[in-house]
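Student: I've got a new model to look at. Can we go through it piece by piece?

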Amino acid sequence: MGQHKKGLAVWILIVLLLLAGALLAGSHPRAETVQEAMRDAVLHDVNQVSLFGLKNVNPGLISAFLVTAVLLLAAVLIRVFAIPRFQMIPGRLQLLLEQAVGLFDGMAKNSSPHRFRFVGAYIFAAGAFIFVGTLFELLGIQAVTVKGHPITLPAPLSDVNAAIALGTLSYLVILSGGIAANGLKGVGKTLKEFSLPISMSFRLFGALLSGLLVTELVYYYVSLSFVLPVIVGVLFTLLHAIIQTYVLTMLTSMYYGEVSEPSPAKPKKKKQAASSAEHA
């Protein structure tokens, strides 16, 4: 108990020293106001990054390319080196992979028992992209804007274009399930939920952007940029990664199951000749 109290006292002392240093440092002039910094975090119309010298793009696009490359590389390495070594008694990596696959596969089976293989694979891929993409901003990878200013690459889905793309793709997956199961009737079922891609897109965008704006606001002021950004950034990022991954995958599998459910077969009418023969 004495060691725990001593360690706690050391941590408290370190935090107090950092806070005292923050207060003594005060604030210093910035190249842009906090309103401009937060506006650019939403619109990305100032701090753009050159894409191989071909075109100026939002930094979120660079983040999306990097996250996609990391996921594809991880998938190849796991398939080539890890899966052939799987055993009846799983190791840590095998257990982790089986739990992740089983989670999304079970979600797909429960929501869409008639057609679950395709939607299970899709929500696994979408969930991995959301989760890894959200955690990506914790790495603090730097890029240089076209104006020569350094910038930290944000989460891909903090860009409204990426959020709309993922929401629309999820809606098209739902539509494909309706068409595969019920043909034109499935199209009608899916089109009833015309607001679904909008709600999916802006739910992702709003949740991830709120964390980005809060972190941006905390980092903007020097008096708040000691210790607090670590707590705020990690908590917001982890919370959004888990919640948004679950919400989008759950909604996609649920609506996919609704539109892909086979329509009840109508009872066949007996021919009049057969009925008259029975009466005779």
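**Around L157 and the core**

Tutor: Start with L157. Leaving out residues up to four places away in sequence, L157 touches F129, I130, A162, A163, L166, L204, F205 and L208. Keep in mind that this is a predicted model.

Student: Which residues touch the most other members of the largest nonpolar core?

Tutor: I123, L157, L166, I174 and L204 do. That core has 37 residues.

Student: Which elements give two or more residues to this core?

Tutor: One strand and several helices appear here. β1 (49–51) is the strand. The helices are α3 (59–82), α4 (92–111), α5 (117–136), α6 (160–182), α8 (196–220) and α9 (228–259).

Student: And where does the largest share come from?

Tutor: From α5, which gives 7 residues.

Student: Let's zoom out. How many helices and strands are there?

Tutor: The protein chain has 10 helices and 4 strands. From the N terminus on, the order is α-α-β-β-α-α-α-β-β-α-α-α-α-α.

Student: How much of the chain counts as buried?

Tutor: 33% of its 280 residues.

Student: What about the surface? Which atoms supply 70% of the exposed area?

Tutor: Carbon and sulfur atoms supply that 70%. The chain exposes about 17,700 Å².

Student: What share of the contacts joins residues 24 or more positions apart?

Tutor: 69%, counting contacts with a separation of 6 or more.

Student: Okay, helix α3. Does its length add up? I mean, what should its residues span, and how far apart are its ends?

Tutor: α3 has 24 residues, and at 1.5 Å a residue they should span 34 Å. The end C-alpha atoms are 33 Å apart, so the two values agree.

Student: Which residues of α3 are buried?

Tutor: P59, G60, I62, S63, A64, V67 and A82.

Student: What do they pack against?

Tutor: The buried residues of α3 pack against β1, β2 (55–57), α4, α5 and β4 (150–152).

Student: Now the outside. Which residues make the nonpolar surface patch of about 480 Å²?

Tutor: L73, V76, L77, V80 and F81 make that patch. Take V80 as an example. V80 lies in helix α3. Its relative accessible area is 48%, so V80 is partly exposed.

Student: Why isn't V80 called exposed?

Tutor: Because exposed means over 50%, and V80 has 48%.

Student: On to α4. What span should it have?

Tutor: α4 has 20 residues, which should span 28 Å at 1.5 Å a residue. Its end C-alpha atoms are 29 Å apart, which agrees. The buried residues of α4 are Q94, F104, M107 and A108.

Student: How many salt bridges does the count come to?

Tutor: The count comes to 1 salt bridge. D105 forms a salt bridge with K109, and their closest N and O atoms are 3.3 Å apart.

Student: How far apart are D105 and K109 along the helix?

Tutor: They are 4 residues apart in helix α4, which means about one helical turn separates them.

Student: Are the two buried or exposed?

Tutor: Both fall in between. D105 is partly exposed at 27% relative accessibility. K109 is partly exposed as well, at 39%.

Student: New topic: prolines. Where is P197?

Tutor: P197 is in helix α8. It counts as buried because its relative accessibility is 15%, and the cut-off for buried is under 20%. P197 touches G167, T168 and Y171, leaving out residues up to four places away in sequence. The C-alpha atoms of P197 and L172 are 9.0 Å apart, with their positions 25 residues apart along the chain.

Student: And P150, buried or exposed?

Tutor: P150 counts as exposed, at 64% relative accessibility. This proline is in strand β4. P150 touches Q142 and A143, again leaving out residues up to four places away. Its C-alpha atom is 9.9 Å from that of V49, although the two are 101 residues apart along the chain.

Student: Last one. What is notable about the phi of F52?

Tutor: F52 has a positive phi of about 55°, although it is not a glycine. F52 lies in the loop between β1 and β2. With a relative accessible area of 75%, F52 is exposed.

Definitions and conventions: Residues are numbered from 1 along each chain as its sequence is written. This is a predicted model: local features need pLDDT of at least 70, side-chain atom pairs count only at pLDDT 80 or more; totals for chains, interfaces and linings use all residues. Side-chain values use heavy atoms; hydrogens and water are left out. A nonpolar core is a set of buried Ala, Val, Leu, Ile, Met, Phe, Trp, Tyr and Cys residues joined through side-chain atoms within 4.5 Å. Buried means under 20% relative accessible area, exposed over 50%, partly exposed in between (1.4 Å probe, protein chains only). Contact means heavy atoms within 4.5 Å. Accessible areas come from the Shrake-Rupley method with a 1.4 Å probe; for residues, only the protein chains shown count as cover. The expected span of a helix is 1.5 Å times one less than its number of residues. Patches are made of residues with over 30% relative accessible area and no salt bridge: like charges are joined within 9 Å, nonpolar side chains (Val, Leu, Ile, Met, Phe, Trp, Tyr) within 5 Å. A salt bridge is a side-chain nitrogen of Lys or Arg within 4 Å of a carboxyl oxygen of Asp or Glu.
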